[in-house]
Amino acid sequence: MGNQGKVIIFSAPSGTGKSTVVNHLIKVFDNLEFSISATTRKPRGNEVNGREYYFLSEEEFSKKLKNNEFLEHEQVYEGLYYGTLWAEVKRIWADGNTVLFDVDVKGGINIKKQFGDNALAVFLKPPSIEVLMERLKKRSTEVEHELQERVNKANYELSFEDKYDIVIVNDVLEDTFRQCEKLVRDFTSRD
Ligand code: ADP
Ligand code: 5GP
């Protein structure tokens, strides 16, 4: 019962390490479940439909939008839509678990507004823009112009950090893991 209605939001500029941290937390905590978003972007190399995302056509996405199936949605990058489905959130709560969101800054702020004290909004921050660029290059999932678009967007996203409940700088990964574990433990054990 303790997790009913609770959500945890992680937002960060692309390349900060959000997926790395979120995947770690999912492994450590049995009572956390990842909210799989819907997106119109194409799957990357080893991504699987229904695991990282529900990969939808623009038509399918629009149809769900018209049917009010989204809790929130954003055009995160030019022509690419992402959104959280109510069905995901309800499924996770029905399992008695806390929902873990990996969403962009606008989506994160929107979800925080909807859930108030039942939401913990965490902003993960890179140590610097230079480090962010290095991480994105190392991950090498984007072509050059996409990489530039993500770095440009990072500066904009960083201006929203004070809208979050807590900001964590992802410098040494093990330190970030420990800090985030403590946050999740404290929040999920709270009444
Ligand atoms: P995001 O989900 O925020 O876009 P990822 O989790 O994909 O970012 O991380 C981007 C890259 O940076 C990956 O190659 C990941 O292994 C690496 N990374 C994540 N956190 C750290 C860290 N603290 N130090 C060094 N590299 C990191
Ligand atoms: P990527 O294409 O790298 O997987 O994700 C791009 C961005 O979209 C990330 O910042 C991620 O957090 C965000 N995102 C993923 N799912 C959603 C969602 O359902 N809603 C919103 N608003 N953003 C999302």
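**Figure 1. Asp104 and its polar contact with ligand 2.** In this predicted model, a polar side-chain atom of Asp104 lies 2.8 Å from a nitrogen atom of ligand 2. Now look for Glu72: one of its polar side-chain atoms is 2.6 Å from a nitrogen atom of ligand 2. Ser37 takes part through its side chain too, with a polar atom 2.7 Å from an oxygen atom of the ligand. How much of ligand 2 does the protein bury? Taken alone, ligand 2 exposes 520 Å², and the protein buries 95% of that.

**Figure 2. The shell of residues around ligand 2.** Step back a little from the contacts, and you can count 17 residues that surround ligand 2. The closest are Lys18, Ser37, Tyr53, Glu72 and Tyr82. Glu72 is also the residue whose side chain has a polar atom 2.6 Å from a ligand nitrogen. Which strands each supply at least two residues of this shell? They are strand S5, residues 70–77, and strand S6, residues 80–85. S5 gives the most, with 4 residues. Sorted by class, the shell around ligand 2 holds 8 charged, 5 nonpolar and 4 polar residues.

**Figure 3. Polar contacts of ligand 1.** Here we turn to the other ligand. A polar side-chain atom of Arg139 lies 2.8 Å from an oxygen atom of ligand 1. Gly17 uses its backbone instead: a backbone N or O atom of this residue is 2.9 Å from an oxygen atom of ligand 1. Leu173 also takes part through its backbone, where a polar atom is 3.4 Å from a nitrogen atom of ligand 1. On its own, ligand 1 would expose 570 Å², of which the protein buries 79%.

**Figure 4. The shell of residues around ligand 1.** How many residues surround ligand 1? There are 14, and the closest are Gly15, Lys18, Ser19, Thr20 and Arg139. You may recognise Lys18, which is also among the closest residues to ligand 2. Two helices each supply at least two residues of the shell around ligand 1: H1, residues 18–28, and H5, residues 129–139. By class, this shell has 7 polar, 5 charged and 2 nonpolar residues.

**Figure 5. The largest pocket and its lining.** Where do the ligands sit? The space taken by ligand 1 is the largest pocket, and the space taken by ligand 2 is the largest pocket as well. The volume of this pocket is about 1200 Å³. It is lined by 43 residues, and the closest to its centre are Lys18, Ser19, Arg44, Asp102 and Arg139. Helices H1, H5 and H6 (144–158), together with strands S5 and S6, are the elements that give two or more residues to the lining. Which element provides the largest share? H1 does, with 6 residues. The lining as a whole divides into 16 charged, 15 polar and 12 nonpolar residues.

Methods:
Residues are numbered from 1 along each chain as its sequence is written. Chains are lettered from A and ligands numbered from 1 in the order in which they are written. This is a predicted model: local features need pLDDT of at least 70, side-chain atom pairs count only at pLDDT 80 or more; totals for chains, interfaces and linings use all residues. Side-chain values use heavy atoms; hydrogens and water are left out. A residue is near a molecule or strand if one of its heavy atoms lies within 4 Å of it. A polar contact is a pair of N or O atoms within 3.5 Å; within protein, one must be able to donate a hydrogen and the other to accept it, and residues adjacent in sequence count only if both atoms are side-chain atoms. Accessible areas come from the Shrake-Rupley method with a 1.4 Å probe; for residues, only the protein chains shown count as cover. On a 1 Å grid over the protein atoms alone, a cavity is a set of points where a 1.4 Å probe fits but cannot get out, and a pocket is an open set with protein on both sides within 12 Å along at least five of seven lines; lining residues have an atom within 4 Å of a point. A molecule sits in a cavity or pocket if more than half of its atoms lie within 2 Å of its grid points. Ala, Val, Leu, Ile, Met, Phe, Trp, Tyr, Cys and Pro count as nonpolar, Asp, Glu, Lys and Arg as charged, and the others, Gly among them, as polar. Grid points are joined across faces, edges and corners, and a volume is the space filled by probe spheres set on the points.
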